[in-house]
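This report goes through one protein chain, from single residues to strand pairing, cores and surface. The sequence and structure come before the discussion.

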Amino acid sequence: MKKLSISICIALGLGFGAEVKAQIQNRGEVQDQEFVIRKDRVLTLPVQPRFYEKLPVLPQPKGMSDFIYSINFHEINLPPVQLEAEPVQKVYRPERMDLYPGYLKAGYGNFASPLLEARIMATEVVDWNYSIDLQHQSFGKGPVLDEQSKESHTTFGGSASYFLDQVEVFGGLRWNQDSYAFYGMDTTGYNNPLVDWAGIPDNVLNTIKVEGGVRDIEKTGPFSYEAKLNYRNFKDSYAAKESEFGVNALGKFRPADDWLGKVGVSYYFTNPVGENFEENRMFLAIRPEVGYSYEAFQFSAGLNIISEDDEFEGKSSDFHIFPNLKASYQFAEEFGFFGEFSGDVQRNTYYSFVMENPYLGPDQQLLNTVNNYKIAGGIEGQFQGNFHYKAGIDLSRYNQYYFFVNSQSDSARFDIVYDEKVSVYNLNAELGFKFSDIYSLGSRLDMYQYDLSQQEAAWHRPTWKLAINNQVTPVEGLIVQANVMVMGGLKARGEVMDPTDSFYTSPTVVNLKTIADLQLKVDYGITDRFGVFAVGNNLMNGQNMRWNNYPVRGVQLIGGAWLKF
């Protein structure tokens, strides 16, 4: 810039000097002039904006023209494809089901004990189905005086069903005969010449049951139902007999997947007859209930409405109404809890009593047991589907709680006595385990405590009970079962003989020994149709007196074979 400035100045000076010289020549004279040259003067030129030339606008492309394809057909002579259909060679082997219509099982063991089981049934269901079965097991000898303590059990019956489009009509007929000997005489009477064992007849119990009804076939629909009529006639070798007529109905309604409502109705008219009494008993129960489930939470609420007409001193009313509340929640597969608050009436008949204790005397007072309330709760869970546990506690309050005691007039027979108010505390625990199809275990422990108001002891009621069941299938077709049942804390009401009299006059408490029963069963199917079995009972050879003065048979072995046809 400095050089440019000097050059411009020189150029201007030269131009100006030429002009002056021209003026002098023109005018003909010379004049003095003074010139000033400045080096630091800078000439600044204005900025001129640059002009950009715009691109020319290109012409717009025209649309593409339609393409026209020319298709030429060329005929080629090819032979047709030869296809041959063949079935799939994969072999399907579904699990074989037991479709044999007939089954026969026979065996024999010590104590002169034949065993026979037989059944025949329809295997193809079209419009109707049926089944007929027969079972018999007897013991010609018993634990006391051989034939004088024999026992026998026989049942024969059948059932049939007729299927309509939506309804099944069903019915059945069954006859049972159980024979027991009254061999439970007090040991002090064994050497008494007045006791004629051969003259004591057996008590043969005969029962006939008839039932018929209807029920829906589709159980998963919004509404399902079942209704039936039944009749039972019972008679023993003495003067006791009882007839019963019953009606049962149950309806279920499912308005949604998580809601369920149901109503159960049952009515029974019973006519028991004894040596010194005959009465008519009525029992009506209506049980409405609604249930709700949400994921792992389940809840049900209902009522037990009962009307019964038993008569005894101090009874307040024939009508009872109790709540029935149950809830459970499974926090996880490994842990959950359950609870219950309910009440009910346990219907007792002479038939139900004699099925529990077959050595009852003919004349008994028959009363139902009222469960005023039951409070129960506990925990349960499982691990990996193989291990299952459950533990709980419940408190129940009863009226007319029944017990069995030896009769004062005949020690070989039992009477029923009641306690007006009884509280029962129960601690229980269950443990189960299953390893594939090879081994399974099931067990339960119960511990009881009784708070009585009238009786001296809870006669013939256990204070603890343990049951363990094992099943092993080591090889295909072989099943081995080992079962243990232990019961303790049993007390009986005994009698002390007056030395001056031949009758028992003073009652006393008798502590019965702990019952321990070990059972072993083995069943082996040689083929699908034929197999053998063996059963061993009371392998520890204990007396196991469940009822006072009645020891059971010792080690008992039965073996035989079975056949399907």
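## Lys 374 and its surroundings

Lys 374 is partly exposed, with a relative accessible area of 26%. The model is a predicted one, and this value is computed from it. The residue belongs to strand 14, which spans residues 369–383. Setting aside neighbours within four places in sequence, Lys 374 is in contact with Glu 340, Phe 341 and Ser 342, and also with Asp 394, Leu 395 and Ser 396. Between Lys 374 and Val 424 the C-alpha to C-alpha distance is 9.5 Å, although the two are 50 residues apart in sequence.

## The chain as a whole

The chain has 565 residues, of which 31% count as buried. Its secondary structure comprises two helices and 26 strands. Among contacts between residues at least 6 apart in sequence, 56% join residues at least 24 apart. The accessible surface is about 36,500 Å², and carbon and sulfur atoms account for 58% of that surface.

## Strands 4 to 8

A run of antiparallel pairings links strand 4 to strand 5, strand 5 to strand 6, strand 6 to strand 7 and strand 7 to strand 8. The table gives the number of bridges for each pair.

| Strand pair | Sense | Bridges |
|---|---|---|
| Strand 4 and strand 5 | antiparallel | 13 bridges |
| Strand 5 and strand 6 | antiparallel | 14 bridges |
| Strand 6 and strand 7 | antiparallel | ten bridges |
| Strand 7 and strand 8 | antiparallel | 13 bridges |

Strand 4 covers residues 151–163, and three residues lie between it and strand 5 in a hairpin. Within this pair, Ala 160 has Gly 171 of strand 5 as its bridge partner. In the pairing of strand 5 with strand 6, Phe 170 stands opposite Gly 213 of strand 6.

Strand 6 leads into strand 7 by a hairpin of six residues. Here Asn 206 is opposite Lys 235 of strand 7. Another hairpin, through five residues, connects strand 7 with strand 8. Strand 8 comprises residues 241–256, and its Leu 250 lies opposite Glu 226.

Two residues in this region show contrasting exposure. Ser 179, in strand 5, has a relative accessible area of 14% and counts as buried, because the limit is under 20%. Beyond four places in sequence, Ser 179 touches Lys 150, Glu 151 and Ser 152 on one stretch of the chain, and Asp 202, Asn 203 and Val 204 on another. Ile 208, in strand 6, is partly exposed at 40%.

## A nonpolar surface patch

Where does Ile 208 belong on the surface? It is a member of a nonpolar patch that also contains Ile 120, Ile 132, Phe 156, Leu 173, Trp 175, Val 210, Leu 229, Tyr 231, Phe 245 and Phe 269. Together these residues have about 950 Å² of accessible area. At least two residues of the patch come from each of strand 5 (167–180), strand 6 (203–216) and strand 7 (223–235).

In soluble globular proteins, nonpolar side chains tend to be buried together. The cores described next are made of buried residues.

## Nonpolar cores

The largest nonpolar core has 25 residues, and the members touching the most others are Phe 353, Tyr 359, Leu 360, Phe 404 and Tyr 550. Helix 2 (350–356), strand 16 (401–406) and strand 17 (414–419) each contribute at least two residues to this core. Helix 2 has the largest share, with four residues.

Leu 360 illustrates how these parts meet. Not counting residues up to four places away in sequence, Leu 360 touches Tyr 350, Phe 353 and Val 354, along with Phe 404, Phe 414, Ile 416 and Phe 182. A second core, separate from this one, has eleven residues, including Phe 403, Val 422, Tyr 450 and Trp 459.

## Positive phi in two loops

Two residues other than glycine have a positive phi. Ala 112 has a phi of about 50° and sits in the loop between strand 1 (102–109) and strand 2 (113–121). Ala 112 is partly exposed, with a relative accessible area of 27%.

Asn 541 has a phi near 55° and lies in the loop between strand 25 (530–537) and strand 26 (556–564). Asn 541 counts as exposed because its relative accessible area, 52%, is over 50%.

Terms used
Residues numbered from 1 in each chain as written. Predicted model: local features only at pLDDT ≥ 70, side-chain atom pairs only at ≥ 80, totals over all residues. Heavy atoms only, no water. Core = buried A, V, L, I, M, F, W, Y, C linked by side-chain atoms within 4.5 Å. Buried < 20%, exposed > 50% of the residue type's maximum accessible area, 1.4 Å probe, protein only. Contact = heavy atoms within 4.5 Å. Patch = residues over 30% accessible without salt bridge, like charges linked within 9 Å, V, L, I, M, F, W, Y side chains within 5 Å. Areas by Shrake-Rupley, 256 points an atom, 1.4 Å probe, with all protein chains shown as cover. Salt bridge = Lys/Arg side-chain N within 4 Å of Asp/Glu carboxyl O. Pairing = 2+ DSSP bridges.
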